[in-house]
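This briefing takes up two topics, the cysteines and one of the helices. Please keep the sequence and the structure at hand while reading.

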Amino acid sequence: LPREWQLQWAADFQCAYDAFCMQVDAGHETTIDAYAAESPEEFFAVCSEYHFSDAATLREAMPDVAAHLERFYGTPLLG
């Protein structure tokens with residue numbers, strides 16, 4: 001990541017991951033696959049998959065994460 005993105009990226013991903021894990025741990029149904037709560041690495045991987053396969057769902061569920069991934073990967077062709 002470019003240096004100027006790193007702090008905001010880390011803060012936004014950590015906040016989204018923590019909130020997502022709280023939802024999963026509380027037994028709430030999530031629009032993003034609950035497997036993403038397994039670890040920060042899996043969270044990134046699952047969100048990346050959504051970026052390419054169902055970007056609209058990711059944007060609705062986690063707009064900050066979706067914005068970072070769009071900036072990083074580019075605009076998805078699907079979703």
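The sulfur of Cys47 lies 11 Å from the closest cysteine sulfur, which belongs to Cys21, and that is too far for a bond, since a disulfide is counted here when the two sulfur atoms are within 2.5 Å. The model is predicted, and the values below are computed from it.

**Cysteines**

- A search of the whole structure finds zero disulfides, and Cys21 accordingly is in no disulfide, with the sulfur of Cys47 as its nearest cysteine sulfur at 11 Å.
- Cys47 counts as buried, because its relative accessibility is 0%.
- Cys21 is buried as well, with a relative accessible area of 13%, which falls under the 20% cut-off used for that term.

**Helix α1: length and course**

- Helix α1 covers residues 3-25, and its 23 residues, at 1.5 Å a residue, should span 33 Å; the C-alpha atoms at its ends are 33 Å apart, so the expected and the computed values agree.
- Along its course, α1 bends by about 25° at Trp9.
- After α1 comes Gly27, a residue with a positive phi, near 85°.

**Helix α1: buried side and packing**

- The buried residues of α1 are Trp5, Trp9, Asp12, Phe13, Ala16, Tyr17, Phe20 and Cys21, so that Trp9, where the helix bends by about 25°, and Cys21, which is in no disulfide, both appear in this list.
- These buried residues of α1 pack against two other helices, α2 (40-53) and α4 (63-73).

Notes
Residues are numbered from 1 along each chain as its sequence is written. This is a predicted model: local features need pLDDT of at least 70, side-chain atom pairs count only at pLDDT 80 or more; totals for chains, interfaces and linings use all residues. Side-chain values use heavy atoms; hydrogens and water are left out. Buried means under 20% relative accessible area, exposed over 50%, partly exposed in between (1.4 Å probe, protein chains only). Helices (H or I, at least four residues) and strands (E, at least two) are DSSP runs, numbered from the N terminus. The expected span of a helix is 1.5 Å times one less than its number of residues. The bend at a residue is the angle between axes fitted to the seven residues ending there and the seven starting there. Contact means heavy atoms within 4.5 Å.
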